[in-house]
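Work through these short exercises with the structure in view. Try each task before you read its solution.

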Amino acid sequence: MKIRLFHGILPLAGWLLLMSLGFGRGAGAYVLTSCNCHPSKTEKKFVHKPVADSECQKCHKPSGQNHPRVKKGAFVLTDNGNAGLCYECHAHKDNMKYVHGPIGSGDCRACHDEHQSDNRYQLKASGSKLCFMCHDKDSFDRKYPHPPIAEGNCTGCHEPHQSDVKFMLRGEGAKLCVLCHDKGMFAGKSVHGPVAKGDCNACHATHGTSNPRLLRKYFNREFYMPFSKDNFALCFGCHNNQIADDKLTDVETGFRNGLTNIHYIHVNKLDKGRSCKVCHDPHASSQMRLISAKIPDFGRWGIPIRYTKTDTGGTCVVGCHKPKSYDRNQAVFNP
Ligand code: HEC
Ligand code: HEC
Ligand code: HEC
Ligand code: HEC
Ligand code: HEC
Ligand code: HEC
Ligand code: HEC
Ligand code: HEC
Ligand code: HEC
């Protein structure tokens, strides 16, 4: 009986105490968090700083009416709680060249909870789940997705609010890619035309594709294969697909000894035709003509290639054969 009485009195006493602190007078410095009238705004993992600091009135500005007696209209939110409110304390997020849709329309709370959340930055969902609240998830379902997408890291590439780069990207062209990839892969004595222009997009689809390595067109990365142009669809999308067609030629390729087409010799075989990759790096190389310094993926160490170019031909020193030279004007005899 004593205990029940105690329980009955405590809330009443608490209420009287709050009143004496100015609660209900509209503009008093009371502590809403502890009035227990509202579900807690501070129980989740990440609480917005002014909420955690019980500065409810920095946002809920008293209108002068008597709260809690007046339930509706006792407080007002600047800009009805839209971006205008957030900008009272935060830097503008809508002053760059490309502004994300919901930010342009002032809807910060589409992604952030104004009080609290179990996700960092009081976000309404984590990782790509946030983005998929509005963007179609299925359109990211690729056979070979880019690993950061599979990991839900959309913001590895996109700013969530705004950027001076189209699509709110964190960098322009190849600058975006080298945020995560080694710059060294794309520099050297010879750099592939589109790579030099920063146009990674010419060959790779950044979100993913149905080809391995995010390639827009198929490229067979085996060392040996029966020759078919389809194996190098990517390369032949930009290059003359006749370079490996004819045994003899005087125009199709510079890789010839007199009239003997050396591309043909290496690539165009029924069983063990070689991949372009055996000789060329698709990005850049420390040697001329994108000739790789090592034959990749062949054995454990890779076989070194030393290539020297002349005005009319060149010489290759490779682990697989003796030094061999070619000359377009004066066929070289290689013993
Ligand atoms: C950063 C600004 C901000 C702060 C600080 C803030 N709120 Fe809010 N609050 C809002 C916004 C915005 C809304 C949404 C209004 C709407 O839905 O139209 C809201 C809604 C509410 C609501 C009604 C809906 C709901 O979520 O229950 C209550 C009650 C509330 N706040 C209580 C509080 C309390 C208590 C505090 C202090 C502990 C507080 N707020 C601090 C911005 C704030
Ligand atoms: C009364 C001032 C005030 C208002 C209004 C306000 N904020 Fe904040 N907000 C803060 C403070 C203070 C911090 C803590 C900053 C810090 O730690 O650097 C903060 C932090 C944040 C953070 C970062 C949290 C983190 O973990 O780093 C986000 C996101 C945020 N606010 C979003 C909003 C949004 C969205 C609105 C509008 C609905 C808003 N804020 C309105 C004061 C405010
Ligand atoms: C499309 C979802 C989305 C919207 C809408 C959005 N944000 Fe954010 N916001 C994020 C994400 C995601 C982060 C986490 C930062 C990161 O990953 O780089 C963030 C982080 C923040 C931060 C902390 C880091 C920083 O950039 O300062 C603040 C403050 C913030 N947002 C304020 C706002 C304000 C103000 C608005 C409205 C003008 C807004 N946000 C609208 C998604 C959003
Ligand atoms: C609240 C809904 C919403 C959320 C959440 C959201 N977006 Fe958006 N997003 C939009 C709208 C609306 C547009 C504009 C669409 C248009 O213009 O056709 C847009 C456009 C974009 C664009 C294209 C911009 C352009 O210039 O065409 C990118 C990129 C983008 N969002 C990325 C993201 C990422 C990354 C996330 C998660 C961090 C995300 N979005 C979360 C609504 C959202
Ligand atoms: C590795 C970097 C990278 C990641 C990670 C990434 N994007 Fe993109 N995104 C881009 C690039 C680059 C573009 C520009 C268009 C293009 O190249 O296809 C783009 C374009 C977009 C566009 C506008 C054009 C379109 O295709 O609709 C949207 C929306 C978008 N991304 C959303 C997302 C979402 C959502 C995620 C996470 C699931 C994400 N992006 C992850 C790099 C990335
Ligand atoms: C946020 C970090 C990040 C950014 C930015 C990024 N990537 Fe990646 N990318 C990765 C990770 C992680 C992997 C997997 C590990 C690896 O191969 O290094 C990967 C792998 C790849 C692969 C190999 C995929 C496979 O199937 O083996 C290609 C191709 C690629 N990225 C191209 C690009 C291009 C082009 C850009 C710029 C448009 C870019 N990446 C930007 C993180 C990133
Ligand atoms: C001319 C076409 C082309 C261009 C342009 C291009 N790539 Fe590639 N990239 C390829 C090919 C082909 C492969 C696959 C090589 C293989 O199978 O070993 C590849 C593979 C990759 C890989 C995976 C490497 C590995 O060893 O796993 C990354 C990362 C990559 N590219 C990033 C980029 C970036 C970043 C750019 C822009 C600076 C770029 N690529 C431009 C054709 C290209
Ligand atoms: C998007 C178009 C495009 C694709 C796809 C492409 N290339 Fe190229 N390639 C170029 C351009 C542009 C040049 C520079 C031409 C010039 O300088 O006259 C070039 C030049 C070359 C050169 C000569 C390099 C030099 O230093 O003179 C080689 C070798 C080469 N490409 C091999 C390949 C291989 C192998 C593939 C397939 C993996 C490929 N290319 C795919 C556009 C492309
Ligand atoms: C055995 C090594 C080797 C292989 C395999 C190889 N190339 Fe070459 N390629 C060369 C050499 C060496 C040159 C330089 C010729 C010159 O300018 O003297 C060259 C030049 C080129 C050029 C510049 C234009 C020309 O023909 O002179 C292109 C484009 C090219 N190769 C594409 C390819 C493609 C595509 C493949 C795969 C189908 C391929 N290469 C396979 C060694 C090779």
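**Exercise 1.** Find the element that gives the most residues to the shell around ligand 9.

Solution. α11 gives the most, with three residues. Helices (H or I, at least four residues) and strands (E, at least two) are DSSP runs, numbered from the N terminus. α11 covers 262–267. Together with β17 (313–318), α11 is among the elements that each supply at least two residues.

This is a predicted model: local features need pLDDT of at least 70, side-chain atom pairs count only at pLDDT 80 or more, and totals for chains, interfaces and linings use all residues. Residues are numbered from 1 along each chain as its sequence is written, while chains are lettered from A and ligands numbered from 1 in the order in which they are written.

**Exercise 2.** State how many residues surround ligand 9, and sort them by type.

Solution. Start with the count: 21 residues lie around ligand 9 (C-beta atom, placed from the backbone, within 6 Å). Cys235, Thr253, Gly254, Cys276 and Cys279 come nearest. Now sort the shell: ten are nonpolar, eight polar and three charged. Here Ala, Val, Leu, Ile, Met, Phe, Trp, Tyr, Cys and Pro count as nonpolar, Asp, Glu, Lys and Arg as charged, and the others, Gly among them, as polar.

**Exercise 3.** Trace the strand partners of β16.

Solution. Two strands pair if DSSP finds at least two bridges between them. β16 (residues 303–309) pairs with β15 (residues 294–295) over two bridges, in the antiparallel sense. There, Lys294 faces Pro304. β16 also pairs with β17, antiparallel, over five bridges. Tyr307 stands opposite Cys316 in β17. Three residues separate β16 and β17 in a hairpin.
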